[in-house]
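Reader: Hello! I would like a close look at a single part of this model, with its neighbours described along the way. Could you walk me through it?

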Amino acid sequence: MAGKRRVLYRQGSGFWRMTAKWAAVFGLLYLADGGLLRSWGDALVWPLIGVVLWVPFGIGAAWYPKKDQRITLTTCELLIRRRRLPMDEVNLLHVARLWLEGRSTADEQPVRQWPRAVRVVWVPLRDGRAYGVEFRDPAAFAEVLGAFAVAACGGPDAVRARAAATTYPDPRPMRARSADTAASGSDVLDLFG
């Protein structure tokens, strides 16, 4: 299965999507104000307000490194910006076992109950470490990775049988989790993400 190079998940920077939503909101305000309330000349204030308010958010979205990272998961590798993590190095059995139990990787919290502020998904490696990747929507990535791991290991029954017969240490994060790395907090840019 790892021989095929099929894209399973892709996340861009979100910069152009945020810009399009911003333009749509202020464009609708411009049309409503010019067509219904005042003249078209007076309604030009809405696009100007939109541009003035967009500039700091646009710069922040472009410069914030975690927001701007591009992530691609294929059947062969996980590409985070320019770093390549081959699937041969990922402990897919551990991912599949946790996914079947409804848990996330490298912690005990169920994926479907992740709060919006928790953006880190830990990808367990075969050497006993876990690589942390930050996402805008971590539950969506965890679902794709979990389903792929179960399929790559031969299905739910095969995963349960192999997990019962195999022992391996629980993955440990490559760097200690702290309040700064585990949760990014509520972000105003999430309104447009």
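Author: Happy to help; what follows is a walk around helix 5 and then along the strands that come before it in the numbering.

Please keep in mind that this is a predicted model.

Let us begin with helix 5 itself, residues 92-100. Is this helix mostly covered or mostly open? It is mostly covered, with seven of its nine residues buried. Those buried residues are L92, L93, H94, V95, A96, L98 and W99. What do they pack against? Their partners are strand 5 (120-124), helix 6 and helix 7. Just past the end of helix 5 comes G102, with a positive phi of about 80°.

Now to the two helices, one at a time. Two packed helices are described by the angle between their axes and the distance between those axes. Helix 6 spans residues 138-152, and its axis comes within 8 Å of that of helix 5, the two crossing at roughly 115°. Helix 5 is therefore roughly perpendicular to helix 6. The crossing of this pair is left-handed. On the helix 5 side, the contact is made by L92, V95, A96, W99 and L100. Facing them from helix 6 are A142, E143, L145, G146, A147, F148, A149, V150 and A152. By class, the residues of this contact are twelve nonpolar, one polar and one charged.

Helix 7, residues 156-165, is the other helical neighbour to look at here, and its axis comes within 10 Å of that of helix 5, with a crossing of roughly 110°. That angle makes helix 5 roughly perpendicular to helix 7 as well. The crossing of helix 5 and helix 7 is left-handed. Here L93, A96, R97 and L100 of helix 5 meet P156, V159, R160, R162 and A163 of helix 7. The residues in this contact comprise six nonpolar, no polar and three charged. A96 and L100 appear in the contact with helix 6, and they appear in the contact with helix 7 too.

Next, the strands. Strand 1 (residues 7-11) pairs with strand 2 in the antiparallel sense, over four bridges. Within that pairing, Y9 stands opposite L73. Strand 2 covers residues 71-74 and runs antiparallel to strand 3, to which three bridges join it. L73 has L78 as its bridge partner in strand 3. Two residues lie between strand 2 and strand 3, and the two strands form a hairpin.

Strand 3 goes on to pair with strand 4 (residues 83-86), again antiparallel, over four bridges. L78 has L85 as its bridge partner in strand 4. These two strands also form a hairpin with two residues between them, and R81 in the turn has a positive phi of about 55°.

How are the faces of these strands covered? In a regular strand the side chains alternate between the two faces of the sheet. In strand 2, I71 and L73 point one way while T72 and T74 point the other, and all of them are buried. Strand 3, residues 77-80, has both of its faces covered: E77 and L79 lie on one side, L78 and I80 on the other, and all are buried.

How values were computed:
Residues are numbered from 1 along each chain as its sequence is written. This is a predicted model: local features need pLDDT of at least 70, side-chain atom pairs count only at pLDDT 80 or more; totals for chains, interfaces and linings use all residues. Side-chain values use heavy atoms; hydrogens and water are left out. Buried means under 20% relative accessible area, exposed over 50%, partly exposed in between (1.4 Å probe, protein chains only). Two strands pair if DSSP finds at least two bridges between them. Axes are lines fitted to C-alpha atoms, for helices over the stretch in contact, and angles run from 0 to 180 degrees between N-to-C directions. Angles under 35 degrees count as roughly parallel, over 145 as roughly antiparallel, 65 to 115 as roughly perpendicular and the rest as oblique. A crossing is left-handed if the near helix is turned anticlockwise from the far one by less than a right angle, and right-handed if clockwise. Contact means heavy atoms within 4.5 Å. Ala, Val, Leu, Ile, Met, Phe, Trp, Tyr, Cys and Pro count as nonpolar, Asp, Glu, Lys and Arg as charged, and the others, Gly among them, as polar.
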